[in-house]
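Here are a few exercises to work through with the model open beside you. Try each task before reading its solution.

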Amino acid sequence: MPFACIYVPNFPVAAALRAEPELQARPAAIYEGKPPLEKIIAVNGKAARLNIAPGMTKAQAELCSELALRPRSPLQESAAHAALLDCAQSFSPCVGDAAFDTAVLDLAGMESLFGSQTEISRAIFKRAGTLGLAANVALASNPDTAALAARGFTGVTVIPAGKEADQLGSLPLEVLFANRIEKDHLDGDQKETGDRLLETLDRWGIRNLHALAILPEIALSERLGQEGLRLQQLARGATSRTLVPVEAPQIFEEAVELEHPIVLLEPLAFLLNRLFEQLCARLGSRALATQELRLTMELENFSSRNQQSKINNQQFLRTLRLPQPMLDAKVFLKLLQLDLNAHPPGAPILKIHLAAEPARPRSAQGGLFLPPTPEPEKLELTLARIATMVGVNNVGAVELLDSHRPEGFRMRCFVAEVPRKSSPEKTLDPAEEKSAVTALRRFRPPLRVQVTLENAQPISLACAKKKEIQGEVLWKAGPWRSSGDWWEREAWSRDEWDLALRNGEAISFYRLVHDLLGGNWFVEGTYD
């Protein structure tokens, strides 16, 4: 039964490089702690060649002008760990969350999907690189051997069954104590026990796993007990245990903490593009899309000479809800740019947090004899551009409200639907075909008029904005009274009249409305 292990060396540095890929060409180090006691906790290979090592103080590391120093970011490490689990779960449903920088997966039965063991290992290594993780991948017959090989060898390593001891023999003894299959790190008495065992083996001249593997078992047990035998079994690659799978929540979030505040939208768009690409890569590895994006930015709190300009709310939140699941980083970036242009943050930005709500990708099959529908990505982008010009509340599809109020509707998000097969048209009677159809053409907004009444009946109209709407009433029908929403602040009550006016030699038909609550008269439209 093959097992694979994905290990990310120097995980804090890898998380920072994933957020800032431009640092890969420079020596980098991560520090944590409160000033003036900040200490280096992780370095990359270029920094190690400059004699920068964990344990140094930040002040000592700053003497190297080429070194890029970054504070430890729990947000970036959480995002990198989630990306590590996404990479593992894209190849196997049985994944063990061994540590923050390690994932072990069971590959039983995966050969029919991904090919041979070597091909699977290379595919995992390539997928990790796509997700921004420089990882080591090892494949072996048991999870402990795979974890040791991933921590000891760089790149891709495949250990055939029965060759575990030979392959692991060259690894230094420290790999046994650095590799913890459990997620919790060693601390307290356990750390002291591990240091003592390593010191004892070093005094015996045991420097690598091969030297430990060939020691006599009885003599080793008499001197080091069961812990010594366990270490020997690990060195031989002969352990056997059940992999406990973890059900990782589908949380897709990316974050970046800025060293200097951002004021302009152009550099902000550059960072957002990187976050969107990482999110889309993670969603794509799990065969998912997204229908909702949430952007949270931490703003710099400042106060100028005018105390009223002080910003009290530090969080700036924007949410984009898409009509259909999408997976296009460029479209997401453009939509968010249009939204930020309409709703700017208003203060320098210190931290960016982007989250995507996962959704199943849309599935649609077009017909050979149906007109093609517009692509949802291009349609949503076009609607967003129109919304910036005419307003968000003026773009979308009309949705009728459950009300008798005239023009009772609201605008909802437009979704292009696949045209359905039309039912056969009904044949009309000859009398219905010859009947005239009257259409009401509404005036938006309605035109205010002055009405002359006689016995509570309109007898003449005069409109200041439209001169042709004036004259004596030749014929009228009504009133028809309607009202509603009396329990709300926006209650309404009105009388409607249909009437005919003589304006010179022409006769026109209009709809007259009397607002009973406001007392005003309006012409709502004209009949064809």
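Three exercises with worked solutions follow, after a short note on conventions.

This is a predicted model, in which local features need pLDDT of at least 70, side-chain atom pairs count only at pLDDT 80 or more, and totals for chains, interfaces and linings use all residues. Residues are numbered from 1 along each chain as its sequence is written, and side-chain values use heavy atoms, with hydrogens and water left out.

**Exercise 1. A helix and its faces**

Find which residues of helix 6 are buried, and what they pack against.

Step 1. Locate the helix: helix 6 covers residues 117-130. Helices (H or I, at least four residues) and strands (E, at least two) are DSSP runs, numbered from the N terminus.

Step 2. Pick out the buried residues, which are Ile120, Ser121, Ile124 and Ala128. Buried means under 20% relative accessible area, exposed over 50%, and partly exposed in between (1.4 Å probe, protein chains only).

Step 3. Look down the axis of helix 6: its buried residues fall within an arc of 100°, so they line one face. The arc is that of the directions from the helix axis to the C-beta atoms.

Step 4. Turn to the face away from the buried side, where you will find the exposed residues Arg122, Lys126 and Thr130.

Step 5. List the packing partners of the buried residues; among them are strand 1 (3-7), helix 4 (74-89) and strand 7 (136-140).

**Exercise 2. A proline in a loop**

Is Pro345 buried or exposed, and which residues does Pro345 contact beyond its sequence neighbours?

Step 1. Place Pro345 in the loop between helix 14 (329-342) and strand 12 (349-359).

Step 2. Check its accessibility: Pro345 is buried, because its relative accessible area is 16%.

Step 3. Leave aside neighbours within four places in sequence; Pro345 is then in contact (heavy atoms within 4.5 Å) with Leu265, Met297, Leu299 and Phe316.

Step 4. Compare sequence with space: Pro345 and Phe316 are 29 residues apart in sequence, while their C-alpha atoms are 6.5 Å apart.

**Exercise 3. A charged network**

Work out which strands hold Glu524 and Arg511.

Step 1. Start with the pair itself: the side chains of Glu524 and Arg511 form a salt bridge at 3.7 Å, N to O. A salt bridge is a side-chain nitrogen of Lys or Arg within 4 Å of a carboxyl oxygen of Asp or Glu.

Step 2. Assign the strands: Glu524 lies in strand 21 (residues 521-527) and Arg511 in strand 20 (residues 506-515), so the pair ties together parts 13 residues apart in sequence.

Step 3. Widen the view: Arg442, Arg494, Glu496, Asp498, Arg511 and Glu524 are linked in a network of salt bridges.

Methods: Expected span 1.5 Å × (residues − 1).
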